[in-house]
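Morning, everyone. Please pull up the structure and keep the sequence beside it. I'll go from the whole chain down to single residues.

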Amino acid sequence: MSGIPSLNSSITSAWSTSSNSNASTIPKKRVKRSLGLNNNPSSNALASGSSSNAPSPSAQPNSRPQTQGESSTQVQNEDKTSTPVVRRKRPKPDPESIAAKYAPPDLKLSLLGGLQAQITQLMEIVVLPLLHPEIYQYTGVPRPRGVLLHGVPGGGKTQLVKCLAGELGLPFINVSAPSIVSGMSGESEKTLRDTFDEAKKIAPCLLFLDEVDAITPKRETAQREMERRIVAQLLTCMDDLASSEEPVVIIGATNRPDSLDPALRRAGRFDHEIEMGVPSQEGREEILRVLCSNLRLSGDVDFRLLAKSTPGYIGADLTALTTEAGVIAVKRIFEEMSSNPNPVPVPELTQETEINGDQEILPPPSVSDGVENMIIDDVNPIAIPTSTPTLIPSTSTSTSLVFSTLSSDLKETAIAKFLISHPSPLTSSELQSLHLTSEDFKQALKVVQPSSKREGFATIPDVSWSDIGALTTIRDELHMAIVQPIRHPELFSVVGIDAPSGVLLWGPPGCGKTLLAKAVANESRANFISVKGPELLNKYVGESEKAVRQVFMRARASSPCVIFFDELDALVPRRDDSMSESSARVVNTLLTELDGLDSRKAVYVIGATNRPDMIDPAMVRPGRLDKLLYVDLPSPEERFEILKTHTTRNKTPISPEAWNGIRDIVLSDKCDGFSGADVSNLLREASTLALRNTLESLGAFEVNPENDPLSGDREMEEKKAKNAQVIVTQDHFVKASLKTQPSVSKEQRLKYERMRDKYAGVPTKGKRSREGGLIDREDDRKVSKKDEGEGEGQMDVA
């Protein structure tokens with residue numbers, strides 16, 4: 001242990017030696033060297049020799065042997081100073097590689113439909129500065145630098161820009177805005193600068209920023225400083241394009257234009273804004289023709305009728321519609337071909353196939369049971385070893401063999417029958433009969449739902465005019481007010497009727513107001529938004545008004561559209577001093593949406609209420625809900641018509657000889673004052689009584705489940721239920737009329753009649769007081785009797 005130096009002494013001696021050697025080191029002379037870039041052995045040897053610790057007289061003439069105490073760091077420093085640095089020039093970009101990197105897409109504007117106005121604007125703003133910049137240079141007019149496309153999702157913004165770039169054939173830089181954002185500080189801004197610098201180098205070109213709202217939020221509401229820096233950098237880069245000699249046009253796309261920073265939407269940046277909304281009927285027809293141009297259609301496809309049946313559909317929805325129609329057509333085709341399968345001839349296996357020089361002959365399979373039951377028996381083949389041809393089953397045979405192992409349930413499906421009966425590719429004669437029909441598109445309409453209807457929209461009800469008994473006058477008024485303007489808007493524009501009307505249905509409860517609105521929505525085949533009055537009200541300030549605006553915004557985006565406000569009196573009560581401020585704001589918002597600065601654009605409004613006196617008077621003026629339709633209680637003949645409609649719709653079993661007696665009951669005073677809902681309740685009660693009599697006759701009423709004669713397995717219960725005949729007779733209606741009372745009392749009927757005269761413009765029968773109010777005669781008589789008894793002449797103002 002004594003011969004081994006200690007650690008402290010070793011460190012001390014190393015430091016002293018290194019200090020002495022540094023003091024005595026002679027300053028070295030710098031030698032310039034040049035290395036060839038070719039891969040010759042001498043240069044490699046020189047490089048390897050200079051990096052080694054061994055001295056080389058040719059490479060290091062002034063080098064000396066390393067002393068014993070010299071540190072390794074000093075040796076590394078000498079190697080760095082002695083090794084020459086090889087500097088390589090950055091290769092210049094190849095024009096061909098740049099052209100390949102920013103090549104425009106292989107698309108043309110002929111692939112688009114229904115965008116004539118937008119294409120015309122883009123040709124004026126984008127195409128002219130790029131192809132003819134000399135016009136702007138000669139006239140001194142500053143050329144446009146940016147265009148903002150905004151509209152509903154799926155409207156074709158990105159597809160329009162790509163088709164425009166493909167039509168121009170200029171370099172196209174497609175940048176997805178979220179790809180610019182980086183996690184490192186400053187990297188996002190650097191990416192933006194590099195993108196704009198690259199655009200300047202390859203100008204003239206198109207720079208497309210898709211989903212630009214992801215990187216350009218409003219700076220006053222931005223949550224992070226990085227978002228503000230990105231917006232500021234984009235503004236600076238767009239301003240720097242003014243110094244570019246060659247034109248560079250920026251196109252931004254977003255479906256949230258209101259979320260962009262206002263500084264982006266000023267002149268000099270995004271100079272112009274082009275809206276791409278929901279296409280009109282003519283636009284949908286053009287889009288369908290373009291989409292179906294490559295499809296094999298039958299001659300009965302009516303594109304105009306199909307465009308009328310797709311209100312609110314955008315380009316993406318129409319594409320999904322054609323795709324779904326193709327899927328339905330393919331399914332229909334193989335169902336037809338599987339229902340009439342052609343026998344698949346299985347040839348005798350006499351072919352010879354040579355594989356790897358070996359030949360074998362397999363025995364022919366049995367074809368007695370057809371392709372489905374084809375079995376290859378395990379029989380020793382007639383073989384000549386290693387020299388006979390091998391017969392391999394064809395693709396059709398192998399396919400049929402695979403599907404022959406399916407279970408019996410799967411074999412009964414249409415697709416399995418088709419694949420088993422047609423294992424080989426279809427012939428040209430079989431393919432000639434395959435095409436898409438108009439029925440395929442009708443079936444696809446039931447499956448495909450437009451994107452605008454996936455939130456806030458109700459499905460179109462299945463109630464038609466045939467499901468409504470009586471109310472003939474109301475139906476005619478609604479048909480001319482809403483259904484016909486939606487079906488034939490061009491005829492109404494000829495006579496100058498362009499503004500959509502609003503209808504207020506009011507009357508006693510249970511008379512069919514909601515049912516009428518459902519029938520209108522079904523007959524017009526328009527989009528339908530059902531709003532229950534109180535559901536828009538919210539306890540938070542401003543949320544109720546926002547909900548009202550959102551309803552009308554959705555309706556405009558999918559016009560023609562019918563908005564149905566049920567229980568309207570809860571949403572727009574009469575404004576007075578006792579009304580709260582929040583309720584007044586909701587009323588004002590709805591009044592503004594109905595007839596404000598923004599036109600409704602084929603948005604039809606139907607309101608329903610049984611308290612019209614509680615609705616604000618401003619709602620029922622012309623231009624808003626200008627048509628007031630009173631849905632009265634049905635007359636005796638209308639009650640019987642309503643009853644027949646219910647029995648037909650519900651398939652109620654009524655004996656034919658009982659109709660005369662039932663008619664007398666419905667027309668009698670027993671059903672006086674019955675509404676449509678009361679007549680339905682009468683039929684339900686009579687059917688219940690008939691069902692009870694049937695259960696009592698079978699001994700199945702109020703018995704234990706073990707002793708129930710109708711109990712058993714499912715098939716037995718269905719069989720017994722069919723055998724048990726339930727017939728509704730006149731006696732059942734007589735008993736039901738005694739149990740059913742009218743839902744509207746006589747006092748309420750008189751009240752509604754007085755309101756009907758008031759809203760119909762008929763002067764109310766009464767006298768006016770000194771203050772100008774109306775006093776009903778009955779109330780006046782009560783007041784007079786009171787005055788006679790008390791001896792005072794005071795009057796009450798109604």
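Here is my opening question: of the contacts in the protein with a separation of 6 or more, what share comes from residues 24 or more positions apart? The answer is 80%. Before I go on, one caution: this is a predicted model.

Now the overall numbers. The protein has 798 residues, and 36% of them count as buried. Its secondary structure comes to 29 helices and twelve strands. The accessible surface is about 47100 Å². Carbon and sulfur atoms hold 52% of that surface.

Next, aromatic pairs. There are four in the structure. I'll show two of them.

Start with Phe172 and Phe208. Their ring centres are 6.3 Å apart, and their planes meet at 20°. Planes under 30 degrees apart count as stacked, so this pair is stacked. Where do the two residues sit? Phe172 is in strand S2, residues 172–176, and Phe208 is in strand S3, residues 205–210. The pair therefore ties together parts that are 36 residues apart in sequence. Both ends are covered. Phe172 is buried, at 7% relative accessible area. Phe208 is buried too, at 0%.

The other pair is Trp506 with Tyr630. This one is tilted, with 4.6 Å centre to centre and 45° between the planes. It links distant parts of the chain. Trp506 belongs to strand S6 and Tyr630 to strand S10, and 124 residues separate them. Trp506 and Tyr630 are both buried.

Stay by strand S10 for a moment. Arg624 is in the loop between strand S9, residues 603–609, and strand S10, residues 627–630. Is Arg624 buried or exposed? Buried: its relative accessible area is 11%, and the cut-off for buried is under 20%. What does Arg624 touch, leaving aside residues up to four places away in sequence? The list is Ser501, Gly502, Leu591, Leu594, Asp595, Arg600, Ala618 and Met619.

On to salt bridges. A search of the whole structure finds 24. Here are a few.

Glu189 bridges to Arg229, with the closest N and O atoms 2.7 Å apart. Glu189 is in helix H8, residues 187–201, and Arg229 is in helix H9, residues 225–240. These are distant parts of the chain, 40 residues apart. The partners sit in unlike settings: Glu189 counts as buried at 7% relative accessibility, whereas Arg229 counts as partly exposed at 31%.

Now Glu523 and Arg487. Their closest N and O atoms are 3.5 Å apart. Glu523 lies in helix H20, residues 513–524, and Arg487 in helix H18, residues 472–487. So this bridge ties together parts that are 36 residues apart in sequence. Glu523 is buried, at 18% relative accessible area. Arg487 is partly exposed, at 32%.

Then Asp757 and Arg756. Here the closest N and O atoms are 4.0 Å apart. Asp757 counts as partly exposed at 29% relative accessibility. Arg756 counts as partly exposed, also at 29%. Some bridges share partners, and these join Asp239, Arg266 and Arg269 into one network.

Next, one helix: H27, residues 730–739. Which of its residues are buried? They are His732, Phe733, Ala736 and Ser737. They span an arc of only 135° around the axis, so they are on the same side of H27. Asp731 and Leu738 are exposed on the other side. What do the buried residues pack against? Three helices: H23 at 636–650, H24 at 659–667 and H25 at 676–698.

Last stop, the surface. Val494, Val495 and Ile497 make a nonpolar patch there. Together they have about 320 Å² of accessible area. Val495 is in the loop between helix H19, residues 489–494, and strand S6, residues 502–506. Why does Val495 count as exposed? Its relative accessibility is 61%, and the cut-off for exposed is over 50%.

To recap. Two aromatic pairs link separate strands: S2 with S3, and S6 with S10. Two salt bridges link separate helices: H8 with H9, and H20 with H18. H27 has its buried residues on the same side. That's my tour. Over to you.

Technical notes. Residues numbered from 1 in each chain as written. Predicted model: local features only at pLDDT ≥ 70, side-chain atom pairs only at ≥ 80, totals over all residues. Heavy atoms only, no water. Patch = residues over 30% accessible without salt bridge, like charges linked within 9 Å, V, L, I, M, F, W, Y side chains within 5 Å. Areas by Shrake-Rupley, 256 points an atom, 1.4 Å probe, with all protein chains shown as cover. Salt bridge = Lys/Arg side-chain N within 4 Å of Asp/Glu carboxyl O. Helix = DSSP H or I, 4+ residues; strand = E, 2+ residues; numbered from the N terminus. Buried < 20%, exposed > 50% of the residue type's maximum accessible area, 1.4 Å probe, protein only. Arc of directions from axis to C-beta. Contact = heavy atoms within 4.5 Å. Phe/Tyr/Trp six-rings, centres within 6.5 Å; stacked < 30°, edge-to-face > 60°.
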